[in-house]
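Trainee: I'm new to this one, could we go through it together?
Mentor: Gladly, let us put it on the screen and take it topic by topic.

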2 protein chains.
Amino acid sequence: MIHEPAACAGRMLAIRDTVELLSGKWKIQIIGTLVFENSMKFMELKRNIPGIGAKMLSKELQELEINQLITRTVCDTKPITVEYKITPYGLTLEPIIAELATWGANHRKHLFSNSN
Amino acid sequence: MIHEPAACAGRMLAIRDTVELLSGKWKIQIIGTLVFENSMKFMELKRNIPGIGAKMLSKELQELEINQLITRTVCDTKPITVEYKITPYGLTLEPIIAELATWGANHRKHLFSNSN
DNA sequence: GAAACTAGTTTCCTTGAAGAAACTCATTAT
DNA sequence: ATAATGAGTTTCTTCAAGGAAACTAGTTTC
């Protein structure tokens, strides 16, 4: 923990990079699911993430793949299925996901204890 | 780490709660700055966060205050200044901010080692 | 009295993110 | 034949997030 202005600016840059990579309404949820389940088919993901449409799911998955956080594998099944899997690199996001989850869970308690 | 579907759904809910609380282009940066600097005036924040406009800064600060992550204190100076300060509760976001920062920093190295 | 400073607010405008619905295409079950 | 399934793509539309610029208001310095 350094307080030099330069180090601070670099830190803010890093934060912005991460946030931008995970931007979009569904990316964190997709990653969160895949970190947890390791691998899922397109339709399984769609069913698992309530409210998401095919277009959005497809788009977000493409962007995650471009950033090497997940892999896309076409499976030779009838009918064809596509398996999405988290990469080892994608798994390095797990601490972030975990912190978001524990903070959110705690926040519920905080709200409850505050609203008498 | 449980894999029951109910626990998984709850976990996803918690993640969404946190993400929503920090939604908006500037909130994480504001929190990041205030976690680091502890307290700042309106204009200091504006100068510290490149690109943000007065309207957005004001709006995001209001929302953060509503969620008790920061406090707003009018100082009796000439001209008046307003001090924004992170609350103890806001400080509990520090692990998230820290993870975002270290992941982003690491991502830079990853990109570098991957290109050529 | 003009200009400058802090801390905003107001108005007006643009653009991109997101959604809904229909469509493709290959295969297979009825 | 027709419906269903998986994995998308395409089109069309809308709404809200965000930005720019001007404005308020109180005080103070030039």
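**The axis and the two copies**

Mentor: Of the residues of chain B, B:I96 comes closest to the rotation axis, with its C-alpha at 3.2 Å. This is a predicted model, in which local features need pLDDT of at least 70 and side-chain atom pairs count only at pLDDT 80 or more, while totals for chains, interfaces and linings use all residues. Residues are numbered from 1 along each chain as its sequence is written, chains are lettered from A and ligands numbered from 1 in the order in which they are written, and side-chain values use heavy atoms, with hydrogens and water left out.

Trainee: What turn and shift lay chain B on chain A?
Mentor: A turn of 180 degrees and a shift of 0.0 Å along the axis do it, with an RMSD of 0.0 Å, where the copies are superposed by least squares on the C-alpha atoms of residues with pLDDT of at least 70 in both. That is the relation of a two-fold axis.

Trainee: Which helices pack at an angle of about 90 degrees?
Mentor: They are α1 of chain A (residues 5-21) and α6 of chain B (residues 94-114), whose axes are 7 Å apart. Helices here are DSSP runs of H or I with at least four residues, strands are runs of E with at least two, and both are numbered from the N terminus. Axes are lines fitted to C-alpha atoms, for helices over the stretch in contact, and angles run from 0 to 180 degrees between N-to-C directions.

Trainee: And which residues meet there?
Mentor: Among them are A:L13, A:I15 and A:V19 in α1(A), and B:I97, B:L100 and B:W103 in α6(B), contact meaning heavy atoms within 4.5 Å.

Trainee: Changing topic, what order do the strands of the sheet in chain B have?
Mentor: The open sheet of three strands runs β1-β3-β2, with antiparallel pairing. β1 (39-41) and β2 (70-75) of chain B stand at the edges with a single partner strand each, so one side of each has no neighbour in the sheet.

Trainee: How many bridges pair β2(B) and β3(B)?
Mentor: Six, in the antiparallel sense, with β3(B) covering residues 81-86; two strands pair if DSSP finds at least two bridges between them. B:T71 stands opposite B:K85 in β3(B).

Trainee: What packs on that sheet?
Mentor: Helix α2 of chain B (residues 27-37) does, touching β1, β2 and β3 of chain B.

Trainee: Last one, how many helices and strands are in chain A?
Mentor: Chain A has six helices and three strands, running α-α-β-α-α-β-β-α-α from the N terminus on.
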